[in-house]
Amino acid sequence: MTSPQSGGSAPDKFVPKATPETQPYWDAAAAGRLDIQRCTACERPFFYPRTSCPHCGSEKVAWFTASGRATLYSYVISERPAPGFPTPTVIATVELEEGPRMMTNIVDVDPTPEALPLDLPLQVRFEQRGEVAVPVFAPIDGGDR
Ligand SMILES: [Zn+2]
């Protein structure tokens, strides 16, 4: 896969831009993997990508591939129209099986509180936006694709 790049025609949907710290994350996503970092000093995983550990400050950080499993931690159902996104859109914080939390979208789910119980088991998917594959999450049970 090619590296994410900006420029050219402007896509309708928000496309994240890679930085040196996040490039391995986007490269992994393009390959269908959810890679996050862990500190090799205190062994704690963390997200978002950084050059030093948010827990102990060590700069001994390493990438590893997460399971892609997560649970729903909190969410909002956004009714605000945004280019390229369905309305409403579920904007969520999920807790990865490894512990870190990340902001994402929940897809393939009814955008209703009834369909979005907290701790709902989720699995990562990758949504292609322009040249960038963006990790999103879908329910493990109940998704019909
Ligand atoms: Zn640490």
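The secondary structure of this protein comes to 1 helix and 8 strands, and from the N terminus the elements run α-β-β-β-β-β-β-β-β; helices (H or I, at least four residues) and strands (E, at least two) are DSSP runs, numbered from the N terminus. The model is predicted, so that local features need pLDDT of at least 70 and side-chain atom pairs count only at pLDDT 80 or more, while totals for chains, interfaces and linings use all residues. Residues are numbered from 1 along each chain as its sequence is written, and side-chain values use heavy atoms, with hydrogens and water left out.

Of the 145 residues in the protein, 36% are buried, where buried means under 20% relative accessible area, exposed over 50%, and partly exposed in between (1.4 Å probe, protein chains only). Contact means heavy atoms within 4.5 Å, and among contacts between residues at least 6 apart in sequence, 50% join residues at least 24 apart.

**The helix and its surroundings**

The buried residues of helix 1 are Tyr25, Trp26, Ala28, Ala29 and Ala30, and they pack against strand 1, strand 3, strand 6, strand 7 (121-129) and strand 8. Ala28, which belongs to helix 1 (residues 23-30), is buried with a relative accessible area of 1%. Leaving aside neighbours within four places in sequence, Ala28 is in contact with Arg33 and Asp35, and its C-alpha atom is separated by 8.4 Å from that of Thr65, 37 residues apart along the chain. Just after helix 1, Gly32 takes a positive phi of about 85°.

**The zinc site**

The zinc ion has as protein donors the SG atoms of Cys39, Cys42, Cys53 and Cys56, lying 2.3 to 2.4 Å from it; donors are N, O and S atoms within 2.8 Å of the metal (3.2 Å for Na, K and Ca), and because water is not among the atoms, sites may look incomplete. The site is tetrahedral, with angles of 105 to 119° among the 4 donor atoms, the requirement for four donors being that all angles lie between 85 and 135 degrees. In sequence the donor residues are spaced C-x2-C-x10-C-x2-C. Distant parts of the chain are linked by the pair of Cys39, in strand 1 (residues 35-39), and Cys53, in the loop between strand 2 (45-46) and strand 3 (61-65), 14 residues apart. Both Cys39 and Cys53 are buried.

**Backbone features in loops**

| Residue | Backbone value | Place |
|---|---|---|
| Glu43 | positive phi of about 70° | loop between strand 1 and strand 2 |
| Tyr48 | cis peptide bond from Phe47, omega near 15° | loop between strand 2 and strand 3 |
| Asp108 | positive phi near 55° | loop between strand 6 and strand 7 |

Asp108 is partly exposed, with a relative accessible area of 25%.

**The largest pocket**

The largest pocket has a volume of about 510 Å³, a volume being the space filled by probe spheres set on grid points that are joined across faces, edges and corners. On a 1 Å grid over the protein atoms alone, a pocket is an open set of points where a 1.4 Å probe fits, with protein on both sides within 12 Å along at least five of seven lines, and lining residues have an atom within 4 Å of a point. The lining comprises 23 residues, of which Phe14, Pro16, Met103, Thr104 and Val134 lie nearest the centre of the pocket. Helix 1, strand 5 (89-96), strand 6 (101-106) and strand 8 (132-139) are the elements that give two or more residues to this lining, and strand 6 gives the most, with 4 residues.

Note on methods. Tetrahedral: all angles 85-135°; square planar, octahedral: opposite > 155°, others 65-115°.
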